[in-house]
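Me: I'm new to this structure and would like a close look at one part of it. Could you pick out a loop residue, walk me through its surroundings, and then set it against the rest of the protein?

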Amino acid sequence: MNFSLPDIRTATATIIPPKQFPDMLTSASLKQLIIPAGLLYVGVCRALRFRREHGLRKRLGYPDRASLARMTVVDAQQIIKFMTSWEMPLLQFLALEFGLFKTYGVESISRLLLATGNLTDPVRSLKRFEDTAALIGEFMMNPPTTERAANGIARMNFLHSKYVKDGTISNADLLYTLSVFVTEPPRFARMYDFRAMNDMEYCAYGVFWKSVGDAMGIEYKGYLSRAESGWRDGVEFADDIAAWAKSYEVIAMKPSVVCAKPAKALLPMITYWTPWFAKPFVTEMVISLLGERVRDAFMLHEPDITAVAVIYSLIAIRRFVVRHLTLPRFFEFKRIRDPDPKTGRMTQHVPYGNFPFYVQPTLWNRWGPVAWAIWLYGGKVPGDEPEKHMPQGYLISDLGPQNRMGQGIEEVEAGARRIKNSGWAGCPF
């Protein structure tokens with residue numbers, strides 16, 4: 001996925017032949033050099049910006065809509081990892097964060113979170129957020145043929161099983177939560193990032209999350225309109241679940257004091273790194289991105305018009321700059337590390353939340369410039385409160401509420417075997 005120096009030279013040479021450079025440098029004034037240099041840079045950005053996207057499509061062999069019908073979960077996971085590690089890491093992460101936030105607008109989901117205390121408790125909520133993201137990362141960022149991916153889904157199933165059994169979590173709740181993972185990343189790319197997803201990328205989200213839903217035992221019949229006849233490809237599934245989710249929101253998202261409590265807990269988490277004097281205004285900007293229906297469910301006020309104008313202006317400027325004035329990433333954005341060969345514990349390069357869960361206190365992590373900035377702000381750096389943040393890393397059985405750590409090891413192993421034997425890494429259609 002990386003670019004080499006010859007790639008940049010080739011792109012440059014197509015704009016200005018190499019033989020002309022010496023003449024330009026000796027005969028032109030500084031002003032005459034700046035404009036061509038600027039145009040040259042913009043041309044290089046343009047030549048390289050979409051090269052990786054087109055290269056992946058060619059390498060995986062999905063030239064048209066008909067070819068998408070044979071997309072496997074293995075390919076879909078590669079595409080999603082490409083989007084989150086190379087192409088759009090920031091907004092793809094925010095899409096999932098806001099997507100999870102959105103599910104709390106359903107009262108039955110919020111009621112469960114409040115009952116467990118894992119979202120509103122000032123201590124437990126920190127681990128709950130980190131573990132939710134880490135668990136999803138286990139099966140989203142690792143190939144579906146690996147133990148880590150199967151164990152991640154099996155662990156998630158174990159943590160849900162208690163609530164599914166007693167009816168606290170309904171199939172509709174699970175299906176709606178699944179829908180935000182299918183629909184929010186493409187929506188964020190289309191509305192806020194430098195380009196919309198192409199049909200191969202959109203299909204990948206449908207394929208991958210349909211397969212995850214199958215592994216979770218989610219029922220589609222009686223909910224999605226095409227469940228009886230089946231879907232041709234991931235695009236059809238994504239469209240179908242998006243249409244169902246919209247209609248479900250009309251029924252399930254109503255103004256609720258139950259939903260308002262998680263919102264009050266989550267907004268400070270999103271604005272955590274904002275200086276105190278800017279927090280109220282940034283909170284208004286965050287609220288403006290939620291959408292009217294979600295805002296009403298959380299019983300939040302309509303955002304200030306200035307905050308709306310500022311946030312959408314910043315998004316438009318960023319989109320223009322990234323698309324036309326920046327080179328694509330030269331290094332993969334990596335969040336998770338390989339397991340320690342001795343202990344099997346897994347650590348992270350960067351935490352998902354605001355606290356250094358599962359991050360090793362290396363010299364750079366603890367004393368580097370970023371750590372100093374965090375310390376000056378009053379945050380925690382890797383190595384602080386090790387009994388809470390577990391810098392030694394996690395085992396899959398550690399992920400989940402504090403009172404369920406270490407539980408379900410046998411159930412997870414059995415569940416992982418079932419998932420692998422089901423052939424979930426193939427094409428789900």
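What follows is a look at Ile396, and then at the protein around it.

Reply: Let's begin with a caution: this is a predicted model, and the values here are computed from it.

Where does Ile396 sit? It is in the loop between α19 (386–389) and α20 (409–421). Is this loop residue buried or exposed? Ile396 has a relative accessibility of 15%, and since buried means under 20%, it counts as buried.

Now for its company. Leaving aside residues up to four places away in sequence, Ile396 touches Leu135, Glu138, Asn151, Gly152, Arg155 and Met346. There is also Ala154 to look for: 242 residues separate Ile396 and Ala154 along the chain, yet their C-alpha atoms are 9.7 Å apart.

That kind of pairing fits a wider pattern. Of the contacts in the protein with a separation of 6 or more, 73% are between residues 24 or more positions apart. Burial is also easy to find elsewhere, as 49% of the 429 residues are buried.

For a companion case, try a helix. Lys102 lies in α6 (residues 89–103) and has 16% relative accessibility, so Lys102 counts as buried too. With residues up to four places away in sequence again left out, Lys102 touches Tyr176, Val180, Glu184, Glu249, Met253 and Val294.

The cysteines are worth a stop as well. How many disulfides are there? The count comes to zero. Cys203, for one, is in no disulfide: the nearest cysteine sulfur belongs to Cys427 and is 8.2 Å away, while a disulfide would need the two sulfur atoms within 2.5 Å. Cys203 is buried, with a relative accessible area of 0%, and Cys45 is likewise buried at 0%.

Now step back to the whole protein. Its secondary structure comes to 20 helices and zero strands. The C-alpha atoms fill a box of roughly 80 × 55 × 55 Å along the principal axes. A compact globule with 429 residues would have a radius of gyration near 22 Å, and the protein, at 23 Å, agrees with that.

On the outside, the accessible surface comes to about 20,900 Å², and 61% of it belongs to carbon and sulfur atoms. As for charge, there are 52 positive and 42 negative charges, and their mean positions lie 4 Å apart.

So, back to where we began: Ile396 is a loop residue that counts as buried because its relative accessibility is 15%, and its contacts include Leu135 and Met346.

Technical notes:
Residues are numbered from 1 along each chain as its sequence is written. This is a predicted model: local features need pLDDT of at least 70, side-chain atom pairs count only at pLDDT 80 or more; totals for chains, interfaces and linings use all residues. Side-chain values use heavy atoms; hydrogens and water are left out. Buried means under 20% relative accessible area, exposed over 50%, partly exposed in between (1.4 Å probe, protein chains only). Helices (H or I, at least four residues) and strands (E, at least two) are DSSP runs, numbered from the N terminus. The radius of gyration is taken over C-alpha atoms; the globule rule is 2.2 Å times the number of residues to the power 0.38. Contact means heavy atoms within 4.5 Å. Accessible areas come from the Shrake-Rupley method with a 1.4 Å probe; for residues, only the protein chains shown count as cover. Lys and Arg count as positive and Asp and Glu as negative; His and the chain ends are not counted. The place of a charge is taken as NZ of Lys, CZ of Arg, CG of Asp or CD of Glu.
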